[in-house]
Amino acid sequence: MKNSTLPKLYEDMRRVRTFEERVGELFVRGQSAGSMLHLSIGEESAAVGVCAAMQDGDTFTTHHRGHGIFLARGADPNRMMAEIAGKDCGYCHGKGGSMHIADMGLGHLGANAIVGGGIPAVVGAGLSARHQKSGAVSVAFFGDGATGQGILYESMNMAALWKLPVMFVCINNQYGMGTRIDQATANPNLHERAEAFGLAARTVDGLDVEDVAEAATELMDGARAGTPAFLAVDCYRFYGHARKDKSPYRAEAEEDEGRKKDPVLRAREKLIEAGLMTEADLDALDATVAKEMDGSIDFAVAGEEPQMASMFRDVYDPSQPEPEPVRVRLDRVLAQG
Amino acid sequence: MATEVLMPALSPTMEEGTLAKWLVKEGDTVNAGDIMAEIETDKATMEFEAVDEGIVGKILVAEGTENVRVNTPIAVLVEDGESVEDAEPTAPPQQLVAKDKAQSSEDQPAAGMAHPEPVKAIAKAEAPWPEGIKTRQMTVREALRDAMAEEMRRDEDVFLMGEEVGEYQGAYKISQGLLDEFGARRVMDTPITEHGFTGIAVGAAFGGLRPIVEFMTFNFAMQAIDQIINSAAKTLYMSGGQMGAPMVFRGPNGAAARVAAQHSQDYAAWYAHIPGLKVVMPYSASDAKGLLKTAIRDPNPVIFLENEILYGKTFEVPEIDDYTVPFGKARVWREGSDVTIVSFGIGMTYAMDAAEKLAGEGIEAEVIDLRTLRPIDYDTVLASVQKTNRCITVEEGWPVGAIGNHLSAIIMERAFDYLDAPVLNLTGKDVPMPYAANLEKHALVTTAEVIEAAKKVCYR
């Protein structure tokens, strides 16, 4: 018990939850944060449990609901919040936003907001890792909605065919936007699909983050050795699809039941039961986290908006001359006369 | 020397007007740009200004005079000490310009619109490699293979992936011999799964490799277009410059022969629309080689549009170590003074064929091969149009939103005063490609249509 990782897992989950709870405050503080904010409250164990199994140098992509995953991989909440607020000090200088956060430094190959769109990139990253003998694993995080996309199966097939160090993580929050999984798929045992492609595959209950971490570690070790893997994490999306969605398509009773499956509360109870932390310890930790996330809002609010001059930057690689807008270029050429 | 000031034409259709008001009187000194008078037509009133400096020697037409014909002398400018009698009739266009409106010919700049001067780039047909270099005959197919082989030898991170690129040696035999030389690690056969392997290649590019993705044909790249545009083209921008996708998407594009609608489509305009992509469409073997090598080295995603019919065509290719061709530089294949024909890719075969036949009828066409569509070499096109005053464009794609449409807009905006005829866009017909041989032939752009259009803009 002394070497338990649970306190750290709890802290990471609490940070994700508090961050997500704070995002809405950007609006209260008069910030423009886009209308498409997808919160991962209720899914913290998937992000934190899988990321606990990852190592330095590993890479990953996420779907549109990816704040928590990036935080769990060590993202700076200040720069994340600033990106969501569209500020120059954000991870992508305000040009990506909530749905396109990326950071090469932490191996984040990008959040991709096309359902399934980020999946094949990790197979490519796995190919690079093998080519470069880096020993890195690349992990694709996506939702149950993406299991309807052909790209997932194309990617799993090639990952298995070429025995690449790749792991597919399906965060099954039961809903693809407003459609419950049993309305979208006849066989909801998602890991069986991966098994059919020759991957090592499991489904784990997301209620207990330690279960998730254990399953993820086992599968990821295999992936690192060349057996690509698939892990489905069962959880429940506590709130609507995006910020303004009050989820009228599902019954309150269902939501009440779903929200009982709370991985953060469960970890808290386990910590107390095991005597690893007291209620007071946990309250103090929560307060520290709350302060940190409040700080991220302050940081984002204080940040500068991007300069207009950055508009045309990074359309093409900066090692080449900046491409001028067509008309600017013509004016210049014609002025040479 | 005294010069006559002529009644200006305020529009191409103006024949006469009213000299409403003189703003100068006899004996006044005027400088270039000074407003001399107001001219009225039934549509508008405009000021016109002096081009040269001088003294108003004599006013020939009193203000208030109606129905003054264009090019009628209305005043005489003299130099200091000269008399009005020294005035000589001069060619009309250089005398005066309407303040707000271009006149009908390229010689009458519109002052209010800052008439563009001729651009520096001169459209000139010259061999794209130094004189005296040995060349050899080579097919486009061989040139493409050599380009890939040379780049794969140069850079260990360059690899080729796609359907049938390895064991089969390429569906169109472009990758012949590459598997033997570079092995299966760098010449990767994929399943038939365009969306998947394109996305994988994008990830490999994120991860530091330099993938060349071969599409068996670009028709199949539509399966992968989400990965090409949403992932490859946009990630550098979305990530704030952190990571891009240095890679090449290549394969045959456009109609082959008798393969019907789903296998006969030109994607040039589709991809040229996308910021973040570069788009290349070579015609000759030397350009296929030089541009593909440039594409592989480019740090951005490059769409490289080949053509099945051109694969077997033979051209001169210079025997130069490491021959590359820069993007954004058109090649003038043929100089001419009567009409500019702009094309690219297989469209060049019609353009060149038409130019040859037009020469037999006394029309000298200047033929420009754009070579790259993003970036486009506007300078060469505009320089040529300023010389020939006429332009037609030739491409295989559909007519709505064609590359030629874009060029027409740019020419209209930048060389309007130089045009003596509307720019005509020759394109494929606005139908899915029919299967029957006679219909297919008609659905494509033809040499006869190019000739007809050239004559039309030359008013012949």
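Q: How far apart do the C-alpha centres of domain 1 of chain A and domain 2 of chain A lie in this predicted model?
A: The two centres are 39 Å apart. Domain 1 of chain A covers residues 6-306, and domain 2 covers residues 310-337.

Q: What makes Ala284(A) partly exposed?
A: Its relative accessibility is 42%. Partly exposed runs between 20% and 50%, so Ala284(A) counts as partly exposed. Ala284(A) belongs to helix H13 of chain A, residues 279-302. From Ala160(A), Ala284(A) is 124 residues away in sequence and 46 Å away in space, C-alpha to C-alpha.

Q: Why is the contact of Arg180(A) with Glu254(A) called a salt bridge?
A: The closest N and O atoms are 3.0 Å apart. The cut-off is within 4 Å, so the pair qualifies. The two residues come from distant parts of the chain, 74 residues apart: Arg180(A) is in strand S6 and Glu254(A) is in helix H11.

Q: How do you know whether Arg180(A) is buried or exposed?
A: Arg180(A) has a relative accessible area of 33%. Buried needs under 20% and exposed over 50%, so Arg180(A) is partly exposed. Glu254(A), at 22%, also counts as partly exposed.

Q: What makes Asp28(B) and Lys25(B) a salt bridge?
A: Their side chains meet at 3.4 Å, N to O. That is within 4 Å, so the name fits.

Q: Why is Lys25(B) called exposed?
A: Its relative accessible area is 55%. Exposed means over 50%, so Lys25(B) passes. Asp28(B), at 22%, counts as partly exposed.

Q: How do you know that Glu319(B) forms a salt bridge with Lys134(B)?
A: Their closest N and O atoms are 3.9 Å apart. The limit is within 4 Å, so the pair counts. Glu319(B) lies in the loop between strands S17 and S18 of chain B, and Lys134(B) in the loop between S9 and S10, 185 residues apart.

Q: Why is Lys134(B) called exposed?
A: Lys134(B) has 60% relative accessibility. The bar is over 50%, so Lys134(B) counts as exposed. Glu319(B), at 41%, is partly exposed.

Q: What makes the patch of Asp52(B), Glu53(B), Glu79(B) and Asp80(B) negative?
A: Asp and Glu count as negative, so these four residues give a patch of negative charge on the surface. Glu79(B) sits in the loop between strands S8 and S9 of chain B.

Q: Why is Glu79(B) called partly exposed?
A: Glu79(B) has 45% relative accessibility. That falls between 20% and 50%, so the label is partly exposed.

How values were computed:
Residues are numbered from 1 along each chain as its sequence is written. Chains are lettered from A and ligands numbered from 1 in the order in which they are written. This is a predicted model: local features need pLDDT of at least 70, side-chain atom pairs count only at pLDDT 80 or more; totals for chains, interfaces and linings use all residues. Side-chain values use heavy atoms; hydrogens and water are left out. Patches are made of residues with over 30% relative accessible area and no salt bridge: like charges are joined within 9 Å, nonpolar side chains (Val, Leu, Ile, Met, Phe, Trp, Tyr) within 5 Å. Accessible areas come from the Shrake-Rupley method with a 1.4 Å probe; for residues, only the protein chains shown count as cover. The place of a charge is taken as NZ of Lys, CZ of Arg, CG of Asp or CD of Glu. Helices (H or I, at least four residues) and strands (E, at least two) are DSSP runs, numbered from the N terminus. Buried means under 20% relative accessible area, exposed over 50%, partly exposed in between (1.4 Å probe, protein chains only). Domain bounds come from an automatic or database domain assignment.
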